[in-house]
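Visitor: I'm new to this structure and would like a close look at just one part of it. Could you pick a helix and walk me through its surroundings?

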Amino acid sequence: MIRFFLVGVLIACSGCGTAPTVEVDPRVLIAPNTNVILDRIQVNAIGPVRGNIRLINMTATDLPIKQTTTWFNSIGQNINTLLSRPEKMIVPRFGDAYVELIAPTPDAVMFQVRVEADSPD
Amino acid sequence: MSKLKYLTLALPFVLGACAPMQTTLIDPRADRSAIGMGLDSRDFDQAASKVVKDMLRSGSLDKPQGGRYVVVMSRVSNDTMQRIDTDQLIKNIRVALLNSGKVVFTTAIVNSARGAEDNMSMQVRQLRSSQEFNQANVAKQGQMVAPELSLSGKFLQNNNRLGDGSQRVDYSFQLTLTDLRTGLAFWEGNEPISKLGPGQTVAW
């Protein structure tokens with residue numbers, strides 16, 4: 001009985017040892033099966049909001065993705081802007097890609113980035 | 001007789017294949033339709049978005065003494081093999097720049113054979129001599145604001161046949177922001193759009 005328990009503990013520990021740390025931020029939504037990981041998000045909120053988001057690809061294939069950044073004003077209303085149109089990009093194999101954030105209007109204070117796999121229906 | 005039977009059997013399939021595709025509304029935010037070798041609105045949006053971000057990030061639109069720059073839209077030429085109304089792209093850029101709060105565009109300058117973008121600015125000045133109009137609302141002399149910056153650009157296309165029989169089309173959208181007082185380019189942007197597709201596809 002104890003032997004089985006010890007074997008179980010060993011398997012559980014080895015599984016935990018290799019798990020990559022994944023950044024979680026409510027402002028970045030990554031759709032399931034996209035296979036990219038949010039590495040870090042840097043935002044400068046002094047003056048107009050600007051910053052960038054680093055996405056990484058740990059797989060051996062290039063990943064075409066589409067990112068959409070939605071901007072909101074201080075009372076949570078959606079700002080209709082060209083900078084909220086979907087942007088296609090490729091995260092190269094074992095590489096990274098950056099989503100650039102620049103407030104489209106002086107009243108844009110919040111944003112949400114959606115990342116999904118880019119594949120035609 | 002047997003030929004007739006086969007023809008009768010095949011007819012519904014032929015007719016079925018000719019059934020028209022159902023029309024659907026496309027939301028740009030959830031547009032998953034296939035792409036072609038030519039340029040479509042998605043390419044225009046993406047290129048416009050990138051140059052606007054680049055321009056805003058560069059700081060070239062931040063007026064040192066505060067306020068907004070007055071910008072005039074100059075010529076944007078199309079050197080691609082496609083018939084492109086450059087206004088489709090330029091309007092997106094203008095709207096985004098105007099909303100940024102850093103610039104304001106003038107539409108009163110004559111910059112093409114078609115005249116000014118909005119001729120009304122000049123036409124309403126003819127009302128100065130009319131007794132029918134209350135002159136309080138009529139524009140006085142010296143009220144128009146001259147532009148400080150000019151935005152000009154060019155679309156380019158380069159087709160290449162690759163060794164494996166495929167075709168690569170490189171489009172390039174170039175934009176220049178010129179200070180009209182000195183003639184110096186404050187900012188320049190070049191946004192490439194590259195596409196790879198089958199060799200038999202025609203890109204125009």
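Guide: Here is a walk along one helix, out to its neighbours and on into the chain across from it. Keep in mind that this is a predicted model.

Let's start with helix H2 of chain B, residues 41-58. How far should its 18 residues span, at 1.5 Å a residue? The expected figure is 26 Å, and the end C-alpha atoms are indeed 26 Å apart, so the two agree. Just after H2(B) comes Gly59(B), which takes a positive phi of about 85 degrees.

Now for what is tucked away. The buried residues of H2(B) are Phe44(B), Asp45(B), Ala47(B), Ala48(B), Ser49(B), Val51(B), Val52(B), Lys53(B), Met55(B) and Leu56(B). And what do they pack against? Within chain B, their partners are helix H3 (87-99), strand S4 (167-179) and strand S5 (184-197). From chain A, strands S6 and S7 join in as well.

Take the helix partner first. Two packed helices are described by the angle between their axes and the distance between the axes. For H2(B) and H3(B), the angle is about 40 degrees and the axes are 9 Å apart. The crossing of H2(B) past H3(B) is right-handed. On the H2(B) side, the residues that meet H3(B) are Phe44(B), Asp45(B), Ala47(B), Ala48(B), Val51(B) and Val52(B). Facing them from H3(B) are Gln88(B), Leu89(B), Asn92(B), Ile93(B), Ala96(B) and Leu97(B). Sort the residues of this contact by type and you get 9 nonpolar, 2 polar and 1 charged.

Now hop over to the other chain. Between the chains, 15 residues of chain A are in contact with 19 residues of chain B. Strands S6 (87-91) and S7 of chain A each supply at least two residues of the side that touches chain B. That side of chain A splits into 7 nonpolar, 3 polar and 5 charged residues.

Follow S7(A) and you land in a sheet. This sheet of chain A is open, has 3 strands in the order S2-S3-S7, and its pairing is antiparallel. Why does S7(A) have one side left without a neighbour in the sheet? S7 (96-102) stands at an edge with a single partner strand, and S2 (36-44) does too, so one side of each has no neighbour there. From one strand to the next, the twist averages 15 degrees. S2(A) pairs with S3(A), residues 50-57, in the antiparallel sense over 8 bridges. One spot to look for is Leu38(A), which stands opposite Leu55(A) in S3(A).

Just before that, look at the loop between S1 (28-30) and S2 of chain A, where Asn33(A) sits. Most residues other than glycine have a negative phi. Asn33(A), though not a glycine, has a positive phi of about 70 degrees. Asn33(A) is exposed, with 8 other C-beta atoms within 10 Å. Asn35(A) is found in the loop between S1 and S2 too, and its phi is positive as well, near 70 degrees. Asn35(A) counts as partly exposed, with 14 C-beta neighbours inside 10 Å.

To finish, step back to chain A as a whole. Chain A has 1 helix and 8 strands, and along the sequence the helix comes ahead of the strands, in the pattern α-β-β-β-β-β-β-β-β. Of the 121 residues in chain A, 22% are buried.

How values were computed
Residues numbered from 1 in each chain as written. Chains lettered and ligands numbered in written order. Predicted model: local features only at pLDDT ≥ 70, side-chain atom pairs only at ≥ 80, totals over all residues. Pairing = 2+ DSSP bridges. Helix = DSSP H or I, 4+ residues; strand = E, 2+ residues; numbered from the N terminus. Axes fitted to C-alpha atoms, helices over the stretch in contact; angles between N-to-C directions. Contact = placed C-beta atoms within 7 Å. Nonpolar A, V, L, I, M, F, W, Y, C, P; charged D, E, K, R; others polar. Expected span 1.5 Å × (residues − 1). Buried ≥ 20, exposed ≤ 12 C-beta atoms within 10 Å, placed from the backbone. Left-handed = near helix turned anticlockwise from the far one by under 90°.
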